[in-house]
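The following note was prepared in reply to a request for comments on the model. The points are numbered for ease of reference.

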Amino acid sequence: MMQQFYPTTAHDFQFELNKDLHFSAAHFIPSEDAGKCQVMHGHTYHLNITIAGNELDATGFLIDFKLVKELIHKKYDHSVLNDHPEFADKFPTTELLAQQVWQSIQQVLKTKNNRPNCLQVIVRETPTSYVVFRPRKGDLS
């Protein structure tokens with residue numbers, strides 16, 4: 001596995017965990033402005049997810065990353081992004097995929113007693129391009 005270095009986000013939390021994961025999915029962007037992306041095509045998306053907080057759970061973890069991986073992998077792996085309800089009225093661009101991944105993760109984190117936050121989602125669409133999504137301060141729990 002190739003070592004990846006990603007941009008970091010400044011924060012005041014005591015603990016920060018990062019999880020790399022990937023999934024394969026197809027999409028198309030039904031707009032003339034999308035060029036070659038107008039045609040259905042697939043990617044192996046590589047993600048890096050940053051979660052931070054000050055409190056650990058009863059087992060001593062900030063969050064069980066297996067939960068995060070299952071949440072995203074089960075939802076998107078081997079699917080057509082255009083078929084997901086969150087993309088019913090918008091195009092499944094890498095930018096919006098990163099935002100949707102953040103929303104899915106943050107929704108689960110809000111249910112945890114130790115209240116960690118997802119600070120950053122990076123989605124690499126190709127070996128040479130990636131998107132960083134960071135929520136605004138008011139978006140965190």
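1. The side chain of Gln120 lies 2.8 Å from the backbone oxygen of Pro7. A second polar contact, of 2.6 Å, links the side chain of Gln120 with that of Arg134. The model under review is a predicted one, and both distances should be read accordingly.

2. Gln120 belongs to strand E4, which spans residues 117-126. With a relative accessibility of 1%, Gln120 falls under the 20% limit and therefore counts as buried. Beyond its neighbours within four places in sequence, Gln120 is in contact with Pro7, Thr8, Thr9, Asn48, Ile49, Thr50, Val132, Phe133 and Arg134. Among these contacts, Thr50 is also the bridge partner of Gln120.

3. The burial of Gln120 may be set beside that of its strand: nine of the ten residues of E4 are buried, and E4 is mostly covered. E4 is joined to E2 by seven bridges, the two strands running antiparallel. On the other side of the comparison, five bridges join E4 to E5, again in an antiparallel arrangement. One bridge pair between E4 and E5 is Val121 with Phe133. E4 and E5 form a hairpin, with two residues between them.

4. How are the strands ordered in the sheet? The order is E3-E1-E2-E4-E5, in an open sheet of five strands with mixed pairing. E3 and E5 (129-133) are the edge strands, each of them pairing on one side only. E1 and E3 run parallel and are joined by two bridges; Ala25 has Ser79 in E3 as its bridge partner.

5. Two helices pack on this sheet. H1 touches E1, E2 and E3, and its direction makes about 15 degrees with that of E1. Helix H2 (residues 94-109) touches E1, E2, E4 and E5, and its direction makes about 150 degrees with that of E4.

6. The structure contains three aromatic pairs. In one of them, the ring centres of Phe23 and Tyr76 are 5.6 Å apart and the planes meet at 25 degrees, so the pair is stacked; the limit for stacking is under 30 degrees. Because Phe23 lies in strand E1 (residues 15-27) and Tyr76 in helix H1, the pair ties together parts that are 53 residues apart in sequence. Phe23 counts as buried, at 0% relative accessibility, and Tyr76 is buried with a relative accessible area of 0%. Phe23 and Tyr76 form one aromatic cluster together with Tyr45.

7. Is Val39 buried or exposed? Val39 counts as exposed, at 56% relative accessibility. Its place is in the loop between E1 and strand E2 (41-53). Not counting residues up to four places away in sequence, Val39 touches His27 and Phe28. Val39 and Ala88 are separated by 49 residues in sequence and by 17 Å in space, C-alpha to C-alpha.

8. As to confidence, the mean pLDDT of the protein is 94, and 96% of the residues score at least 70. Among the elements, the lowest mean pLDDT (94) belongs to helix H1 (residues 65-76) and the highest (98) to strand E3 (residues 79-80).

Methods:
Residues are numbered from 1 along each chain as its sequence is written. This is a predicted model: local features need pLDDT of at least 70, side-chain atom pairs count only at pLDDT 80 or more; totals for chains, interfaces and linings use all residues. Side-chain values use heavy atoms; hydrogens and water are left out. pLDDT is the predictor's confidence in each residue, from 0 to 100. Helices (H or I, at least four residues) and strands (E, at least two) are DSSP runs, numbered from the N terminus. Rings of Phe, Tyr and Trp (its six-membered ring) pair if their centres lie within 6.5 Å; planes under 30 degrees apart count as stacked, over 60 as edge-to-face and the rest as tilted. Buried means under 20% relative accessible area, exposed over 50%, partly exposed in between (1.4 Å probe, protein chains only). Contact means heavy atoms within 4.5 Å. A polar contact is a pair of N or O atoms within 3.5 Å; within protein, one must be able to donate a hydrogen and the other to accept it, and residues adjacent in sequence count only if both atoms are side-chain atoms. Two strands pair if DSSP finds at least two bridges between them. Axes are lines fitted to C-alpha atoms, for helices over the stretch in contact, and angles run from 0 to 180 degrees between N-to-C directions.
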